[in-house]
Amino acid sequence: MVDSIRTTCAYCGVGCGIAATPTGGRAVTIRGDEAHPANAGKLCSKGTHLGETVGLEVRLLHPMIGDKRASWDKALDLVAKRFADTIARHGPDSVAFYVSGQILTEDYYVANKLMKGFIGSANIDTNSRLCMSSAVAGHNRAFGEDVVPASYDDLDEADLIVLIGSNTAWCHPIVYQRIQAARAARGTKLVVIDPRRTETCEGADLHLALRPGSDVALMNGLLAWMDQGKLLDADFLARSVNAPEGFWDHIRTGHDLWTTARACDVSPAALQQFYELFAATPRTVTMFSQGINQSIRGTDQVNAIINVHLATGRIGKPGAAPFSITGQPNAMGGREVGGLASTLAAHMDFAPDNVARVGRFWAAPTMATKPGLKAVDMFRAINEGRIKALWVMATNPAVSLPDANRVREALEKVPFLVVSEVMATTDTSVHAHVRLPAAAWGEKDGTVTNSDRTISRQRALLPLPAEAKPDWWIVTEVARRMGWRNAFAYDRPADIWREHARLTAYQNDGARLLNLRAQATLGNDAYEAMAPFRWGDTPFADGRFSTPDGKARLLPVSQMDVQGPLKDWPMTLNTGRYRDQWHTMSRTGLSPKLARHREEPLVEVHPQDAAALGITDGDLARVSTPQGDSLFRARISDGQRPGEVFTPIHWTDQQSTGGRTGLLPRPLVDPHSGQPGFKSTPVRVEKV
Ligand code: SF4
């Protein structure tokens with residue numbers, strides 16, 4: 001009998017542990033790992049059916065130059081030469097990497113090191129920009145470091161859980177089950193704040209179907225209400241928090257209950273019920289996700305939530321914290337190594353001291369000294385001719401970025417496009433000059449960090465098929481061919497892990513919480529046997545933050561005027577996930593069982609709007625914006641607010657002729673985080 005191998009789920013930021021057993025050929029049986037702290041043996045439908053997705057039918061198995069098979073040597077030489085030539089002719093900022101929360105921390109580390117320390121640009125960004133970069137910016141503004149100040153254990157100890165902008169029941173199902181278990185065990189109250197009535201709202205103590213984009217008003221109103229009732233934590237405020245001049249005047253002006261209820265389009269009674277519940281419950285966790293982050297005011301929305309927790313002392317204590325839950329399996333690992341264009345490495349920004357410190361550590365020839373292009377700007381720069389060589393790793397921006405038709409134009413236009421991929425064909429890779437076959441989940445080895453800072457191993461269960469290679473190997477081979485052989489002399493992921501850990505601890509005098517010093521000398525066997533562990537036990541438990549004076553910062557954020565309906569685009573589009581699909585369905589689309597949940601992309605329309613538009617359930621409807629249009633099957637749902645529709649993000653040209661949500665939103669981003677606003681796009685809906 002073959003022993004099971006402990007690994008981590010390929011999908012969301014819950015980061016569930018899996019015990020996988022190879023049973024011959026490519027077959028694998030999957031069960032939840034009872035010893036993993038994130039899931040204690042449970043798995044959702046996506047994780048359960050992972051074994052159906054490891055076949056080779058749709059895989060990219062050989063390096064390809066154009067449509068011709070090539071040797072690894074030839075393909076890698078070409079990539080290295082074209083990048084080196086482009087840098088020599090046009091400078092370091094003429095090249096870019098667009099990477100992914102699907103790659104492992106070790107992959108991220110070497111890609112970040114190559115771009116920021118050796119090429120000398122910070123033009124490496126990730127699809128995690130679309131997921132949680134507003135939370136990163138909000139944490140940095142408030143705490144001085146991008147630290148998630150909560151863990152899943154807090155859900156077991158909270159008396160109130162507020163879910164804001166999160167369909168947790170579908171998008172983080174094991175977390176939702178944990179919340180339900182806490183409710184059953186200790187009567188934890190649940191408030192859901194979401195314009196839509198989703199499955200998460202079923203059985204909640206309160207659902208506030210607020211106007212999209214009114215979250216700042218809601219949280220400022222809560223702060224004003226608690227201030228007026230003298231319900232703030234004066235000791236914590238005095239000891240651990242700085243408020244800029246005028247902050248309290250700002251909160252005390254225009255945030256009374258009635259004004260806030262109007263701004264949020266909810267009843268004053270329901271609003272008061274929420275505020276009273278929050279005020280009466282010191283052990284409150286406010287958990288937020290894409291509904292908060294994916295907004296052109298995402299960072300302010302994050303800080304509006306954090307402000308309330310700071311001012312009421314609901315942080316650094318069991319069962320009390322603001323808690324950003326990430327979408328992807330390794331969005332957090334990417335943040336930790338600095339794989340965002342806006343961070344340098346190991347939770348450091350581009351302050352000159354940090355650039356010098358990291359440069360010393362890497363013995364880097366050409367350090368990036370300023371932030372690079374974030375995702376949306378990166379593709380705009382390609383269209384403008386400023387980026388001349390792009391390497392896309394493990395992601396499909398032709399589908400997932402906003403204004404995706406312009407992204408396709410960029411992919412067609414860029415003089416040199418490399419795509420490292422698991423799949424033979426994606427909407428992005430059809431434009432590639434070079435395609436490099438990457439190892440898939442179940443074949444690669446490394447670490448991932450989930451939403452609550454638990455680091456787990458992904459382990460290989462199956463041999464690498466044909467010529468597929470791990471991403472870290474592909475990146476280091478290109479780096480060596482560009483002349484940096486010694487700096488990228490890694491033999492295995494453990495070598496990279498130790499270097500990453502050493503960097504987190506290097507000249508870290510305690511100013512940064514991310515410090516993996518104990519991992520820096522881990523032997524190869526210990527790395528192989530690594531059990532899941534969480535770093536930074538209870539951040540800020542001592543009331544000290546990662547700012548120069550040790551105090552957190554309140555941010556005076558304001559509600560933006562919510563735009564009324566536009567003449568030609570009178571409805572508002574919200575987007576999101578289905579329970580049983582993942583991103584652009586390259587993996588989940590392989591499972592017939594998962595496809596049964598939702599077989600087609602639907603546009604959900606309120607009955608009132610459907611009647612006005614002459615649409616009935618099952619009709620085909622066209623959703624249009626100035627950026628483009630796509631067809632969806634109509635579904636009439638009173639879970640929508642009137643005037644608002646919802647479509648899923650998953651469908652691509654490979655799967656369907658319609659359902660292309662990504663081409664609809666405007667390429668508008670939050671000014672602090674660069675995260676695109678997917679959640680409220682003016683659209684027109686018509687019966688076809
Ligand atoms: Fe995988 Fe997320 Fe489901 Fe857990 S909750 S099994 S990590 S998809």
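In this predicted model, Thr-7 sits across from Ile-18, a residue of strand 2. A little earlier in the chain, Ile-5 has Ala-20 of strand 2 as its opposite number. These two pairs belong to the meeting of strand 1 and strand 2 (residues 17-24), which line up in the antiparallel sense over 4 bridges.

Strand 2 also has a partner in strand 3. Those two run antiparallel as well, and 6 bridges join them. Here Thr-21 faces Thr-29 of strand 3. To get from strand 2 to strand 3, the chain makes a hairpin with 2 residues between the strands, and in this hairpin Gly-25 takes a positive phi near 60°.

Put together, the 3 strands make an open sheet with antiparallel pairing, in the order 1-2-3. Strand 1 (5-8) and strand 3 (27-32) end up at the edges; each has just a single partner strand, so one side of each has no neighbour in the sheet. The sheet is not flat-on either: ignoring direction, neighbouring strands are turned by 40° against each other on average.

Next comes the ligand. Its surroundings count 14 residues, and the closest of them are Cys-9, Tyr-11, Cys-16, Cys-44 and Gly-47. As for character, this shell splits into 9 nonpolar residues, 4 polar ones and 1 charged one. Two helices chip in: helix 1 (45-48) and helix 7 (173-186) each give at least two residues to the shell. Seen by domain, at least three shell residues come from domain 1 (5-53), and at least three come from domain 3 (133-325).

Much further along the chain lies Arg-534, which is part of strand 19 (residues 533-534). Is this residue buried or exposed? The answer falls in between: Arg-534 counts as partly exposed because it has 18 other C-beta atoms within 10 Å, whereas a buried residue would need 20 or more and an exposed one 12 or fewer. Leaving aside residues up to four places away in sequence, Arg-534 touches Ser-151, Asp-452, Arg-453 and Thr-454. Val-337 makes a handy comparison point: Arg-534 and Val-337 are 197 residues apart along the chain, and their C-alpha atoms are separated by 16 Å.

Key
Residues numbered from 1 in each chain as written. Predicted model: local features only at pLDDT ≥ 70, side-chain atom pairs only at ≥ 80, totals over all residues. Pairing = 2+ DSSP bridges. Axes fitted to C-alpha atoms, helices over the stretch in contact; angles between N-to-C directions. Near = placed C-beta within 6 Å. Nonpolar A, V, L, I, M, F, W, Y, C, P; charged D, E, K, R; others polar. Domains from an automatic or database assignment. Contact = placed C-beta atoms within 7 Å.
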